[in-house]
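Biologist: I should like a close look at a single part of this model, the part you consider best enclosed by its surroundings. Please then place that part within the rest of the chain.

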Amino acid sequence: MQSLYAPSLPTVSPPPLKPFSSIAKLSYYHEEEDQDDTDNRSELAKFSLPAHLKSITSTSNPFVKHCVKLSRSSPYRHSHASALVVGTTPIREIHKFQESLQERTIETDYLFLLDNAKVPEELEKSAKRTLRVSALVMKKLSQIQSTEAIEAIALMKFPTSYFLANSHQKDSDFCNWFPSRHRILVLEGIQDPGNLGTLLRSAVAFRWGGVLLLPGCCDPFSGKALRASRGASFQLPIVSGDWYHLEAIKKEFKMKMLAGHPECNDELKLVSQLSQGFAESLADVPLLLVLGNEGHGLSDKAQQECELVSIPMSGDFESLNVAVAGGIFLYMLQPQNGRTLS
């Protein structure tokens with residue numbers, strides 16, 4: 001089956017976070033697993049710094065090593081339910097989003113600032129603690145070769161809008177996952193963190209109600225995904241689940257399932273074309289939009305269960321990058337006139 005994608009993205013206070021009971025339940029594609037991560041991941045080590053400590057200058061500091069491990073290892077990151085957000089702009093966007101909510105959904109444990117860098121006024125009271133760090137420590141924490149423009153990194157708890165669903169989930173829990181259910185993006189096997197992050201950012205930009213990650217997707221809180229999303233991973237409901245949860249959500253809220261797919265003349269199943277008229281005909285219909293893996297496209301199950309929709313293209317082009325195609329779908333099918341289903 002030819003892939004659509006060439007190999008290579010209303011302010012509502014969300015409900016409380018479901019606790020992480022076992023990292024063995026994670027089904028992420030681990031694109032940046034740390035080979036040194038041989039410790040017992042079920043044991044959650046506690047890291048704290050002396051209250052009088054105001055700065056860190058050594059990359060050998062145990063707390064720095066802990067933060068680096070959070071960046072490199074998805075299981076370690078999820079066992080601590082914490083992630084590093086690199087850069088003043090995404091930190092500022094997340095903080096601005098938090099201020100727009102009626103309740104606190106995001107906790108910033110530490111704000112690391114480069115020595116002699118000015119504290120951004122709007123971030124001055126955003127973290128429980130602020131620490132000054134040397135250029136070497138900043139480079140180590142950021143995991144980026146060039147850190148000239150990086151003056152701030154935040155250590156944040158996963159937002160309360162992130163859920164890790166399991167097979168024993170009660171149907172009543174589905175109502176809590178997505179406060180707005182008129183438009184939900186479903187990602188199937190998206191393995192490139194840049195693509196995932198871009199899709200999350202697009203979903204926020206076009207006011208979609210949340211994202212369901214099916215097995216095989218990469219971690220939305222990895223460093224690469226967070227850089228691509230510019231902090232969007234903290235700004236909309238994200239659920240890591242499977243087809244059981246997808247089908248239950250579809251049934252519970254009477255939603256229509258669409259899926260991006262290339263136009264093909266020899267298909268046994270009709271493939272509709274995305275157009276303004278097509279989008280307008282679905283303006284009042286609650287939608288689930290499924291986008292498939294970069295290399296292999298949609299699974300057989302997705303092709304069977306969803307109405308297939310293609311993006312019309314001129315010339316001999318047969319496919320688009322999933323983040324590009326997803327951006328077009330998300331824009332064309334975005335909620336109209338502030339319409340949400342809750």
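Modeller: Helices (H or I, at least four residues) and strands (E, at least two) are DSSP runs, numbered from the N terminus. The model is a predicted one, in which local features need pLDDT of at least 70 and side-chain atom pairs count only at pLDDT 80 or more, while totals for chains, interfaces and linings use all residues. Residues are numbered from 1 along each chain as its sequence is written, and side-chain values use heavy atoms, with hydrogens and water left out.

The part I have chosen is helix α11, residues 322-332. The protein chain to which α11 belongs has eleven helices and 13 strands. Of its 342 residues, 54% are buried (under 20% relative accessible area; exposed is over 50%, partly exposed in between; 1.4 Å probe, protein chains only).

Eight of the eleven residues of α11 are buried, so the helix is largely enclosed by the rest of the structure. These buried positions are Val 322, Ala 323, Ala 325, Gly 326, Gly 327, Phe 329, Leu 330 and Met 332. The cover over them comes from both helices and strands, including α6 (193-205) and α9 (276-281), together with β7 (183-187), β10 (256-260), β12 (287-291) and β13 (307-310); contact here means heavy atoms within 4.5 Å. At the N-terminal end, Asn 321 acts as a cap, with a side-chain oxygen placed 2.8 Å from the backbone nitrogen of Ala 323. This is a polar contact (N or O atoms within 3.5 Å, one able to donate a hydrogen and the other to accept it; residues adjacent in sequence count only if both atoms are side-chain atoms).

Helix α11 also gives the largest share, five residues, of the largest nonpolar core (buried Ala, Val, Leu, Ile, Met, Phe, Trp, Tyr and Cys joined through side-chain atoms within 4.5 Å). That core has 53 residues, and the members touching the most others are Leu 185, Leu 187 and Leu 333. Leaving aside residues up to four places away in sequence, Leu 187 touches Leu 196, Leu 199, Val 211, Leu 212, Leu 213, Leu 214, Cys 217 and Leu 291. Another core, of 25 residues, lies apart from the largest one and has Phe 163, Val 239, Met 257 and Ala 302 among its members.

Among the strands that cover α11, β10 deserves attention. Four of the five residues of β10 are buried, so that this strand is mostly covered as well. Strand β10 runs parallel to β12, to which four bridges join it (strands pair if DSSP finds at least two bridges between them). Within that pairing, Lys 256 has Leu 287 of β12 as its bridge partner. Strand β10 also pairs with β13, again in the parallel sense, over three bridges; there Leu 258 is partnered by Glu 307 of β13.

Helix α6, which also contributes cover to α11, is followed by a loop that leads to β8 (211-213) and contains Arg 207. Arg 207 is not a glycine, yet its phi is positive, at about 60 degrees. With 31% relative accessibility, Arg 207 counts as partly exposed. Arg 230, in the loop between α7 (223-229) and β9 (238-240), likewise has a positive phi, near 55 degrees, and is partly exposed at 34%.

To complete the setting, an open sheet of five strands has mixed pairing and the order β1-β4-β3-β5-β2. Its edge strands, each pairing on one side only, are β1 (55-56) and β2 (82-86). Within this sheet, β3 (residues 108-114) and β5 are antiparallel over five bridges, and Thr 108 is partnered by Met 156 of β5. In the loop between β3 and β4 (129-133) stands Ser 126, which is buried at 7% relative accessibility. A polar atom of the Ser 126 side chain lies 2.8 Å from the backbone oxygen of Leu 123. Beyond four places in sequence, Ser 126 touches His 95, Arg 104, Thr 108 and Leu 111. The loop between β5 (152-157) and β6 (162-164) holds Phe 158, a buried residue with 4% relative accessible area. The C-alpha atom of Phe 158 is 7.9 Å from that of Glu 107, although the two residues are 51 apart along the chain.
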